[in-house]
Amino acid sequence: MIYEWQRVANDLERRIRTGEIPPGGRLENERELADVYKVSAGTVRRAVRELRERGLVGTLPAKGSYVVDVLPSSGEPNGDESSV
C-alpha cells in the first residue's frame, strides 16, 4: 500500500531527478502543490518532509523549499516500502 504523501513525494522526486525542478529550484508552495496533486496541504507538508529526509530539498522558514545543489544517489531507499 502506498500513502498519498508517498505518491506526491515520489512524483516530486521524479521531477527533481529529471531536472524538471533543477538544483536550487523552488518547489511550488503547499497550496499550489495541493491543487496540482488534488490532496490536502497536510499531505503536501508530509511529502515535503519526506523529500527533506531523502536529502533532496531544504526548507527555509517563510521562504519555501528548494532543491539541494548536489542530489544524493537514487539507489537509496525512497520510502515506498511499508516500513514507514
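Tutor: Before we start, a contact here means heavy atoms within 4.5 Å. Keep in mind too that this is a predicted model.

Student: Okay! Of the contacts with a separation of 6 or more, what share comes from residues 24 or more positions apart?

Tutor: Take the contacts in the protein whose separation is 6 or more. Then pick out those between residues 24 or more positions apart, and their share comes to 62%.

Student: How confident is the predictor, and which stretch has a pLDDT below 50?

Tutor: The mean pLDDT is 89, with 88% of the residues reaching 70 or more. One stretch drops below 50, though it still has 15 contacts in the model beyond near neighbours in sequence. That stretch is residues 77–84.

Student: In what order do the helices and strands come?

Tutor: There are three helices and two strands in the protein. Reading from the N terminus on, the order is α-α-α-β-β.

Student: Let's look at the first helix. Is arginine 15 buried or exposed?

Tutor: Arginine 15 sits in helix H1, which covers residues 4–17. Leaving aside neighbours within four places in sequence, its contacts are Glu20, Ile21, Glu28, Leu33 and Tyr37. Its relative accessible area is 11%, and the cut-off is under 20%, so arginine 15 counts as buried.

Student: And lysine 38, buried or exposed?

Tutor: Lysine 38 belongs to the loop between helix H2 (30–37) and helix H3 (41–53). Lysine 38 also has a positive phi of about 60 degrees, though it is not a glycine. With a relative accessible area of 71%, where over 50% is the cut-off, lysine 38 comes out as exposed.

Student: How do E1 and E2 pair, parallel or antiparallel?

Tutor: E1 and E2 make a hairpin with three residues between them. They are joined by four bridges, and the sense of the pairing is antiparallel.

Student: Which residue in that turn has a positive phi?

Tutor: Most residues other than glycine have a negative phi, so a positive one catches the eye. The one to find has a phi of about 65 degrees and lies in the loop between strand E1 (57–60) and strand E2 (64–67). Its relative accessibility is 87%, so it counts as exposed. It's alanine 62.

Student: Which residue in E2 is the bridge partner of threonine 59?

Tutor: The partner lies in strand E2 and is buried, with a relative accessible area of 10%. Among its contacts outside four places in sequence are Gly25, Arg26, Val48 and Thr59. The partner is serine 65.

Student: How far apart in space are serine 65 and leucine 27, C-alpha to C-alpha?

Tutor: Along the sequence, the two are 38 residues apart. Leucine 27 is also one of the residues in contact with serine 65. From C-alpha to C-alpha, the distance is 5.6 Å.

Student: Now the largest pocket: which element gives the largest share of its lining?

Tutor: The pocket has a volume of about 240 Å³. Elements giving two or more residues to its lining are H2, H3, E1 and E2. The largest share is four residues, and it comes from H3.

Student: How many of the lining residues are charged?

Tutor: The lining has 16 residues, with Glu30, Val48, Thr59, Gly64 and Ser65 nearest the centre of the pocket. Five residues of the lining are nonpolar and four are polar, while the charged ones number seven.

Conventions: Residues are numbered from 1 along each chain as its sequence is written. This is a predicted model: local features need pLDDT of at least 70, side-chain atom pairs count only at pLDDT 80 or more; totals for chains, interfaces and linings use all residues. Side-chain values use heavy atoms; hydrogens and water are left out. pLDDT is the predictor's confidence in each residue, from 0 to 100. Buried means under 20% relative accessible area, exposed over 50%, partly exposed in between (1.4 Å probe, protein chains only). On a 1 Å grid over the protein atoms alone, a cavity is a set of points where a 1.4 Å probe fits but cannot get out, and a pocket is an open set with protein on both sides within 12 Å along at least five of seven lines; lining residues have an atom within 4 Å of a point. Grid points are joined across faces, edges and corners, and a volume is the space filled by probe spheres set on the points. Ala, Val, Leu, Ile, Met, Phe, Trp, Tyr, Cys and Pro count as nonpolar, Asp, Glu, Lys and Arg as charged, and the others, Gly among them, as polar. Two strands pair if DSSP finds at least two bridges between them.
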